[in-house]
Amino acid sequence: MGLGSDMYRQQILDHYKNPRNKGEMSDPDFSHTGENPSCGDTITVNVSLEDDGETIEFVTFTGNGCAISQASASMLSEKLRGMTLSELDAMDTDDVTEMLGVDISPMRIKCAVLARQVAQDGAAIHRGDIEIDRTTTEED
């Protein structure tokens with residue numbers, strides 16, 4: 001691990017200590033909550049859509065958890081702005097780890113992807129594709 005990984009670690013700590021877009025949203029187009037029971041992370045993602053009903057206008061989040069889950073939610077709230085729901089649906093674990101910029105241990109990957117999974121499930125519920133009350137990252 002070189003100088004680059006130190007920079008990304010600092011970025012993660014910055015997003016954890018100074019989260020972007022953390023807070024409630026009045027009248028979101030959709031809102032969804034999820035948890036990682038193995039770590040205790042809980043995140044609610046709130047999304048406002050553009051008039052086309054497909055483009056993400058703004059994202060906020062609330063919740064508590066470890067530095068990885070909270071930094072990931074903060075970074076994701078910035079990354080999703082301007083993306084379509086289809087682009088959100090296409091995001092995978094590699095996209096999240098690339099966004100974070102550091103290797104994530106297998107034990108921490110559920111922390112890192114929680115916000116993405118919550119946002120994807122929220123979009124699916126919004127479209128009527130699934131019916132769930134809460135996203136949970138279960139042990140494999």
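Which residue follows H5, and what is the sign of its phi? The residue is Gly-128, and its phi is positive, near 85 degrees. That's one small detail of a predicted model, so let's step back and look at the whole chain before returning to H5.

**The overall picture**

The chain's secondary structure comes to 5 helices and 4 strands. Starting at the N terminus, the elements run α-β-β-β-α-α-α-α-β. The radius of gyration is 14 Å, close to the 14 Å that the globule rule gives for 140 residues, so the chain is as compact as a globular protein of that length. Along its principal axes, the C-alpha trace spans about 45 × 30 × 25 Å.

Buried residues make up 44% of the 140 residues. As for the outside, the accessible surface comes to about 7,300 Å², and 45% of that belongs to carbon and sulfur atoms. If you look at contacts between residues at least 6 apart in sequence, 63% of them join residues at least 24 apart.

**Three strands, two hairpins**

Now follow S1, S2 and S3. S2 pairs with S1 in the antiparallel sense, and S2 also pairs with S3 in the antiparallel sense. Here are the two pairings side by side:

| Strand pair | Residues of the partner of S2 | Bridges |
|---|---|---|
| S1 and S2 | S1: residues 30-36 | 7 bridges |
| S2 and S3 | S3: residues 56-64 | 8 bridges |

To find your way around the pairings, try a couple of landmarks: Ser-31 stands opposite Asn-46 in S2, while Thr-44 stands opposite Thr-62 in S3.

Both pairings are hairpins, and each has a glycine worth a look. The hairpin of S1 and S2 has 4 residues between the strands, and Gly-40 takes a positive phi near 90 degrees there. The hairpin of S2 and S3 has 6 residues in between, and Gly-53 in its turn has a positive phi of about 75 degrees.

How much of S2 is buried? 8 of its 9 residues (41-49) are, so S2 is largely enclosed by the rest of the structure.

**Back to helix H5**

H5 covers residues 109-127, 19 residues in total. At 1.5 Å a residue, H5 should span 27 Å, and its end C-alpha atoms are indeed 27 Å apart, which agrees. Still, H5 has a kink of about 35 degrees, centred on Ala-115.

Like S2, H5 is mostly tucked away: 14 of its 19 residues are buried, so H5 is largely enclosed by the rest of the structure. After H5 comes Gly-128 with its positive phi, which is where we started.

Methods. Residues numbered from 1 in each chain as written. Predicted model: local features only at pLDDT ≥ 70, side-chain atom pairs only at ≥ 80, totals over all residues. Heavy atoms only, no water. Buried < 20%, exposed > 50% of the residue type's maximum accessible area, 1.4 Å probe, protein only. Pairing = 2+ DSSP bridges. Expected span 1.5 Å × (residues − 1). Bend = angle between axes of the 7 residues up to and from the residue. Rg over C-alpha atoms; globule rule 2.2 N^0.38 Å. Contact = heavy atoms within 4.5 Å. Areas by Shrake-Rupley, 256 points an atom, 1.4 Å probe, with all protein chains shown as cover.
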